[in-house]
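Today I opened my notebook to look up how two bound molecules sit in a protein. Come along and check each entry with me.

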Amino acid sequence: MSLEVSHKITIEKTKNSKISQVDFNNLPFGQVYTDHMLVCDYENGQWSSPKIVPYQNISLDPSAKIFHYGQSIFEGMKAYKDEHDAIWLFRPIDNQKRFNISAKRLAMPELPEAYFIEGLEALLLLEKDWIPTTKDSSLYIRPFMFASGNGFHASPSDKYTFIIACSPSGPYFGGKLKVLIEQQYSRSANGGVGFAKAGGNYAGQFYPTNLAIQKGYQQVIWTDDTTHENIEEAGAMNIFIRINDTLVTAPTSDRILDGITRKSIVELAKDQGISVEVRTISVHEVIEASENGSLKEMFGAGTAAVISPIAGFGYKDKDFSLPELEDTYAAALKKQITDIQYNRSDDKFGWRHAVK
Ligand code: PLP
Ligand code: COI
């Protein structure tokens, strides 16, 4: 840690750790929170020094702008512990950069890299016993920022709060997914905020996703808002489609989150000679491939979802099944990326970041 920032982080430790009440063998996703959180306030055009404090409620005035105008952004990251109890992050600078891309689009202040990264490192060192070592578990990290200034005027807030909270978590999804290709609703539009991790992007998805859940699907696959003919991404992950031996994923745009897992999978796949195409892929092409047998796999990729295989999809009241293959790209790529994340293999791309 550089002196410049570390000397400014103050730590107030909890007197009542909750860790003994946690069943680390049976962790849900994102429902148990660690003992501490990092908090940093922005006021008068400046960020205050980050503080690590006991995990606690937040008190806000009812006129706080977050409640009315939705200025709220977040990131999703994970900390992994290896067999020697060393702590690792995966490409954290990319999360920090994306956080500031989101902040700019939502007219929120950017956060200095050192506050994000070194603040997170200090928090993780304090919470190291909370990082699970049970299979497929990790410490899910949620950095977020919201408008904490007051007033009903529809304009950007003058105060913001940045928090990092952590949650020891098991898998996001249990088992293979059935997804619905969306034909009516849109997640994002050209010129909008789809590329940002803005809270409102998720709020807008809940209603159409609930309709899909009522029909027996777990996730919606979003299509472009103009024609609904091209596959974009899912609610919490980017999408890969394997046609014969080629892996296809949509290019990122204004409307699609530039997923860190997605770009890592593209590099990993190319590195082992898998043909990868980053291009527009139409629903029509996927259906045709399903009908002629060339559609081999579909899977989602994201920090929470890791790599989540899709067993089938619905489109216009018709269901399509994916074949059950023995050796899948999804399983091989999941093993490779998690081996890097958990420090079980070499890291030739330099993606692992030690926390010490
Ligand atoms: N797309 C959306 C809408 C997401 O919420 C996420 C999750 O962060 C992703 C894609 C995957 O991004 P990443 O791999 O950076 O977690
Ligand atoms: C993540 O993968 O970390 C995300 O932010 C997705 C979230 C909606 C669970």
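Which pocket does ligand 2 take up? I found that ligand 2 fills the space of the largest pocket. My rule for a pocket: on a 1 Å grid over the protein atoms alone, an open set of points where a 1.4 Å probe fits, with protein on both sides within 12 Å along at least five of seven lines. A molecule sits in one if more than half of its atoms lie within 2 Å of the pocket's grid points.

A note on what I am reading: this is a predicted model, where local features need pLDDT of at least 70 and side-chain atom pairs count only at pLDDT 80 or more, while totals for chains, interfaces and linings use all residues. Residues are numbered from 1 along each chain as its sequence is written, chains are lettered from A and ligands numbered from 1 in the order written, and side-chain values use heavy atoms, without hydrogens or water.

**Ligand 2**

I listed the residues around ligand 2 (a heavy atom within 4 Å); among them are Phe 74, Tyr 140, Lys 197 and Ala 304. I sorted this shell into 6 nonpolar, 2 polar and 2 charged residues, with Tyr and Ala counted as nonpolar, Lys and Arg as charged, and Gly as polar. Domain 1 (10-169) and domain 2 (177-337) each give the shell at least three residues; the bounds come from an automatic or database domain assignment.

Next I looked up polar contacts (N or O atoms within 3.5 Å). Oxygen atoms of ligand 2 lie 2.5 Å from a side-chain N or O atom of Tyr 140 and 2.7 Å from a polar side-chain atom of Lys 197. For Ala 304, a polar backbone atom is 2.8 Å from a ligand 2 oxygen. The protein covers 91% of the 280 Å² of accessible area that ligand 2 has on its own (Shrake-Rupley method, 1.4 Å probe).

**Ligand 1**

Which residues come nearest to ligand 1? Of 17 around it, I noted Lys 197, Tyr 202, Glu 233, Thr 261 and Thr 303. An oxygen atom of ligand 1 is 2.5 Å from a side-chain N or O atom of Thr 261, and one is 2.6 Å from such an atom of Thr 303. The protein covers 97% of the 380 Å² that ligand 1 has accessible on its own.

How values were computed: Polar contact = N/O pair within 3.5 Å; in protein donor to acceptor, adjacent residues only side chain to side chain. 1 Å grid on protein atoms, 1.4 Å probe; cavity = no way out; pocket = protein on both sides within 12 Å on 5 of 7 lines; lining within 4 Å.
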